[in-house]
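Got your viewer open? Load the model, colour it by secondary structure, and let's walk through it together.

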Amino acid sequence: MKYGYTIVYVPDVAASLAFFEKAFGFERRFMTEEGDYGELETGGTTISFASHKLAESNSKQGFVYCSQTEQPLGVELAFITDNVEKAHATALEAGAIEIAAPKRKPWGQSVSYLRCPDGSLVELCTALS
């Protein structure tokens, strides 16, 4: 088994791709002509975005979307960076909402948390040594 990718169901795929490009510096890999699915180049694992309509075509039970909740869902996307403070500030400038400012954890790792305009939760962190 190999972990393939993560899909975040969002109200506007193009807007999410644009935000992640601006806030975190990722490059767009692909977006369907219909604009209902897109992917980012992020390294070893792909982050994908799919529209609510596409999500619902896969499950008649529906979903609780991260854009529908006042609090972030209990799932995060974690991005490793050498400079959490700078990456955090860049994401805020791009439209993210601060959940927790950069902080050094007792084990030496720097970590911060942000909520993206599409509702997804992002952790910015230094690599664990």
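The tour goes from the whole chain to the strands, then to the core and a few single residues.

**Whole chain.** Keep in mind that this is a predicted model. Show the full cartoon and count 3 helices and 8 strands. Trace the chain from the N terminus and you'll read β-α-β-β-β-α-β-α-β-β-β. The radius of gyration is 15 Å, close to the 14 Å that the globule rule gives for 129 residues, so the chain is as compact as a globular protein of that length. Its C-alpha trace spans about 45 × 35 × 30 Å along the principal axes. Switch on the surface: about 7,900 Å² is exposed, with carbon and sulfur atoms supplying 51% of that. Buried residues account for 39% of the 129. Of the contacts between residues at least 6 apart in sequence, 50% join residues at least 24 apart.

**Strand S4.** Now select residues 46-51, which make up strand S4. 6 of its 6 residues are buried, so S4 is largely enclosed by the rest of the structure. Show the side chains: Thr46, Ser48 and Ala50 point one way, while Ile47, Phe49 and Ser51 point the other way.

Add the strands that pair with S4. S1 runs parallel to S4, with 6 bridges between them, and Val10 stands opposite Ser51. Strand S3 (residues 37-41) pairs with S4 in the antiparallel sense over 4 bridges; look there for Tyr37, whose bridge partner is Ala50. The hairpin of S3 and S4 has 4 residues between the strands, and Gly43 takes a positive phi near 115° in it.

**The four-stranded sheet.** Next, select S5, S6, S7 and S8. They form an open sheet in the order S5-S8-S7-S6, with mixed pairing. At the edges sit S5 (76-80) and S6 (97-104), each pairing on one side only. On average, neighbouring strands here are turned by 15° against each other, direction ignored. Zoom in on S7 (residues 110-115) and S8 (residues 121-125), an antiparallel pair with 5 bridges; Arg115 has Leu121 in S8 as its bridge partner. Then bring in helix H3 (residues 84-94), which packs on this sheet and touches S6, S7 and S8. The direction of H3 makes about 10° with that of S7.

**The core.** Which residues have the most contacts inside the largest nonpolar core? Show Phe19, Phe20, Phe24, Phe49, Phe79, Val122 and Leu124 as sticks: they are the ones, in a core of 24 residues. S1, H1, S4, S5, H3 and S8 each give two or more residues to this core. H1 provides the largest share, with 6 residues.

Centre the view on Phe49. Leaving aside residues up to four places away in sequence, its contacts include Ile7, Val8, Val10, Leu17, Phe20, Tyr37 and Leu40. Asp36 and Asp118 are also among them.

**Last stop, Glu21.** Select Glu21 in helix H1 (residues 13-24). Is it buried, partly exposed or exposed? Glu21 is partly exposed because its relative accessible area of 25% falls between the 20% and 50% cut-offs. Beyond residues up to four places away in sequence, Glu21 touches Phe26, Glu27, Arg28 and Leu40. Finish by drawing a distance from the C-alpha of Glu21 to that of Phe79: 13 Å, for residues 58 apart along the chain.

Key:
Residues numbered from 1 in each chain as written. Predicted model: local features only at pLDDT ≥ 70, side-chain atom pairs only at ≥ 80, totals over all residues. Heavy atoms only, no water. Buried < 20%, exposed > 50% of the residue type's maximum accessible area, 1.4 Å probe, protein only. Contact = heavy atoms within 4.5 Å. Pairing = 2+ DSSP bridges. Axes fitted to C-alpha atoms, helices over the stretch in contact; angles between N-to-C directions. Rg over C-alpha atoms; globule rule 2.2 N^0.38 Å. Areas by Shrake-Rupley, 256 points an atom, 1.4 Å probe, with all protein chains shown as cover. Core = buried A, V, L, I, M, F, W, Y, C linked by side-chain atoms within 4.5 Å.
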